[in-house]
Amino acid sequence: DGDDQLLIDSCATLYNNINQTNADIVIGGHINRYENGRLEHVPPMYFGRNESFSEVIDPNLFKIMPAIGAKLFRKELLTKNNITFPEGISGQDLVFLLNSIINSSRVNVLNNFFVYYRTITKDSVTFNLTEKYFYGLINAYSLICDLFKKHDVDLDIQQMLITNHLVFFTTQVSRAYSSRNFDNITLNEVLNSKSFDKLSKKDIFKGNVITGVNDFSRHC
């Protein structure tokens with residue numbers, strides 16, 4: 001993003017690692033820089049050491065923050081599997097990252113290497129709650145469900161990831177309801193939209209331990 005800043009040697013470190021290990025993806029951490037000057041170091045994982053994954057259908061990889069700024073992808077991985085960003089939706093990074101991980105043969109995680117400063121302000125996308133933002137998240141979750149079904153990802157892993165993101169979605173909805181700048185009628189329209197209904201009908205929500213998203217919308 002335009003207000004983020006790469007650290008010295010970030011590109012070289014990622015590039016050298018991906019070449020020396022023949023990995024498809026290498027992932028570093030980042031530093032959140034807030035408006036008040038506070039810095040928060042955010043490693044991709046909390047193991048305290050570097051990790052390399054050849055079994056890429058791994059819950060730990062799927063928990064990694066999807067922002068692309070701290071990651072390097074091998075071009076052949078993307079072109080061979082026709083991996084692109086679903087343009088125009090707020091969850092595009094998440095879809096792109098999971099699609100890349102699922103199709104990769106090796107992923108390296110550099111827990112002790114921080115790649116860039118990520119500037120957090122009141123104008124950041126995560127805090128800019130709009131109708132388009134919520135539709136983007138819903139569409140992203142639907143694409144993820146389709147991706148998992150295509151690659152026959154274990155249901156337990158699907159549930160773990162989707163549950164985490166539904167918690168995030170719920171938090172954002174709660175923030176929107178309490179925001180004076182958001183039209184609650186519009187938010188109700190989003191939660192009763194065809195896009196939301198389509199998400200609720202995905203296989204992962206049928207007859208398993210996750211409460212259906214339709215139940216969630218009724219409670220809202």
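Me: Take buried to mean under 20% relative accessible area, and exposed over 50%. In this predicted model, is Cys 145 buried or exposed?
Reply: The model is predicted, so the answer is a value computed from its atoms. Cys 145 has a relative accessible area of 6%. Because the limit for burial is 20%, Cys 145 counts as buried.

Me: And Cys 11, buried or exposed?
Reply: Cys 11 has a relative accessibility of 51%. The cut-off for exposure is over 50%, so Cys 11 counts as exposed.

Me: How many disulfides does the structure hold?
Reply: A disulfide needs two cysteine sulfur atoms within 2.5 Å of each other. The number of disulfides in the structure is zero.

Me: How many residues does the chain have, and what share of them is buried?
Reply: The chain contains nine helices and six strands. Of its 220 residues, the buried share is 46%.

Me: What share of the contacts with a separation of 6 or more is made by residues 24 or more positions apart?
Reply: The count takes in contacts in the chain with a separation of 6 or more. Of these, the share from residues 24 or more positions apart is 76%.

Me: How far apart are the end C-alpha atoms of helix H1?
Reply: Helix H1 covers residues 10-21, which makes twelve residues. At 1.5 Å a residue, the expected span is 16 Å. The model agrees with this, as the end C-alpha atoms are separated by 17 Å.

Me: Within what arc do the buried residues of H1 fall?
Reply: The buried residues in H1 are Ser 10, Leu 14, Asn 17 and Ile 18. Seen down the helix axis, they line one face, because they fall within an arc of 95°.

Me: Which strands do those buried residues of H1 pack against?
Reply: H1 is followed by Asn 22, which has a positive phi near 60°. The buried residues of the helix itself pack against strands S1, S2, S5 and S6.

Me: How many of the 14 residues of S6 are buried?
Reply: Strand S6 runs over residues 107-120. It is largely enclosed by the rest of the structure, because the number of buried residues is eleven.

Me: Which residue of S6 is the bridge partner of Ser 52?
Reply: S6 pairs with S2 in parallel over nine bridges, and with S4 (residues 51-53) in the antiparallel sense over three. On the S2 side, Val 26 stands opposite Asn 108. On the S4 side, the bridge partner of Ser 52 is Asn 108.

Me: Which residue of S6 is the bridge partner of Gln 5?
Reply: S1 and S6 run antiparallel and are joined by two bridges. The bridge partner of Gln 5 in S6 is Tyr 117.

Me: With which side chain does the side chain of Asn 32 make a polar contact?
Reply: Asn 32 lies in strand S2 and counts as buried at 7% relative accessibility. Beyond four places in sequence, its contacts include Arg 38, Glu 40 and Arg 118. At 3.2 Å, the polar contact partner of its side chain is His 30.

Me: What distance separates the C-alpha atoms of Val 95 and Ile 83?
Reply: Val 95 belongs to helix H4 (residues 92-103) and is buried at 9% relative accessibility. Among its contacts beyond four places in sequence are Pro 86, Ala 140 and Leu 143. Ile 83 is twelve residues away along the chain, and the C-alpha separation is 9.6 Å.

How values were computed:
Residues numbered from 1 in each chain as written. Predicted model: local features only at pLDDT ≥ 70, side-chain atom pairs only at ≥ 80, totals over all residues. Heavy atoms only, no water. Helix = DSSP H or I, 4+ residues; strand = E, 2+ residues; numbered from the N terminus. Buried < 20%, exposed > 50% of the residue type's maximum accessible area, 1.4 Å probe, protein only. Polar contact = N/O pair within 3.5 Å; in protein donor to acceptor, adjacent residues only side chain to side chain. Contact = heavy atoms within 4.5 Å. Expected span 1.5 Å × (residues − 1). Arc of directions from axis to C-beta. Pairing = 2+ DSSP bridges.
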